[in-house]
Amino acid sequence: MTTYLKLSNVRKEDIDEQTISAFLELAESDNRVTSIKRAGDLFEIDAQELKGCYSLGRIAGHLHESNSEIDARKEREKLPDIVHIKKLRHFEERSYTDRRSLFTFTKNKMNEYSNVLPPSADRAQCINIANYKLLGNESIADRLVRDHKSTNHALRAALLMVAAGCANHIDRVKGRIGKIIFEDGSEL
């Protein structure tokens, strides 16, 4: 029995008519594939989340994803990605006793997000973050770390900021959070 995983790892030089017929047979029996036909070296496909002309390896790699992997990827893609992150701001020298509020965009997003959450610890955390005061030249990342007992707790609060749409979450892979970048350009 040929599988998508086996077909996605076939080198282009090793693709023969037997491989192509096995691939077409497998794809036609897949209920996610509406139609597939050969178009020269490529294949024209109309399938779940994939439409157009692609190579055999690309299609096999896409169709190899299980439904739970597809659902997990869609869930990750739903997270907002803000585009106006600034370079890390270096403010004029401030003393440690100088206090300032969070940036307006971040504060507004946290307030909006807290209004849609049901009464919970997450909602209380959002309200708390929205009311942060930054001391001296402190960044948002510094403030989160200062407010929490451990870095893991600060990361959980930072993920709330990602869900609210006021931070970017990049370099995330299975089993690792990755990097969270805040509006002022600081990272956690």
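Is Phe 43 buried or exposed? Select Phe 43 to begin: with a relative accessible area of 2%, Phe 43 is buried, where buried means under 20% relative accessible area, exposed means over 50% and partly exposed lies in between, computed with a 1.4 Å probe on protein chains only.

Before moving on, note that this is a predicted model, in which local features need pLDDT of at least 70 and side-chain atom pairs count only at pLDDT 80 or more, while totals for chains, interfaces and linings use all residues. Residues are numbered from 1 along each chain as its sequence is written, and side-chain values use heavy atoms, with hydrogens and water left out.

**Stop 1: the aromatic pair**

Keep Phe 43 displayed and add Phe 23, which at 0% relative accessibility also counts as buried. A search of the whole structure finds one aromatic pair, and Phe 23 and Phe 43 form it, edge-to-face, with 5.2 Å from centre to centre and 65° between the planes. Because Phe 23 lies in helix H2 (residues 17-28) and Phe 43 in strand S2 (residues 42-47), the pair ties together parts that are 20 residues apart in sequence. Rings of Phe, Tyr and Trp (its six-membered ring) pair if their centres lie within 6.5 Å, and planes under 30 degrees apart count as stacked, over 60 as edge-to-face and the rest as tilted. Helices (H or I, at least four residues) and strands (E, at least two) are DSSP runs, numbered from the N terminus.

**Stop 2: the largest pocket**

Next, select Val 10, Lys 12, Ile 15, Ile 20, Arg 38, Gly 40, Asp 41, Leu 42, Phe 43, Ser 55, Leu 56 and Gly 57, which line the largest pocket. Its volume is about 260 Å³, and S2 and helix H3 (56-64) each supply at least two residues of the lining. On a 1 Å grid over the protein atoms alone, a pocket is an open set of points with protein on both sides within 12 Å along at least five of seven lines, and lining residues have an atom within 4 Å of a point. Grid points are joined across faces, edges and corners, and the volume is the space filled by probe spheres set on the points. The lining divides into six nonpolar, three polar and three charged residues, with Ala, Val, Leu, Ile, Met, Phe, Trp, Tyr, Cys and Pro counted as nonpolar, Asp, Glu, Lys and Arg as charged, and the others, Gly among them, as polar.

**Stop 3: salt bridges**

From the pocket lining, keep Arg 38 and add Glu 17: the two form a salt bridge whose closest N and O atoms are 3.2 Å apart. Arg 38 lies in strand S1 (residues 33-39) and Glu 17 in helix H2, so this pair ties together parts that are 21 residues apart in sequence. Arg 38 is partly exposed, with a relative accessible area of 40%, whereas Glu 17 counts as exposed at 53%. A salt bridge is a side-chain nitrogen of Lys or Arg within 4 Å of a carboxyl oxygen of Asp or Glu, and a search of the whole structure finds five.

Another of them joins the side chains of Arg 32 and Asp 30 at 3.0 Å, N to O; here Arg 32 is buried at 15%, and Asp 30 is buried at 11%.

**Stop 4: a charge over a ring**

Now select Arg 143 and Tyr 132, where the charged end of Arg 143 sits over the ring of Tyr 132, 4.1 Å from its centre. A charge sits over a ring if NZ of Lys or CZ of Arg is within 6 Å of the ring centre and within 35 degrees of the ring normal.

Finally, add Phe 103, which lies in the loop between strand S4 (99-101) and helix H5 (104-116) and is buried, with a relative accessible area of 12%. Phe 103 and Tyr 132 are 29 residues apart in sequence and 9.9 Å apart in space, C-alpha to C-alpha.

Note on methods
On a 1 Å grid over the protein atoms alone, a cavity is a set of points where a 1.4 Å probe fits but cannot get out, and a pocket is an open set with protein on both sides within 12 Å along at least five of seven lines; lining residues have an atom within 4 Å of a point.
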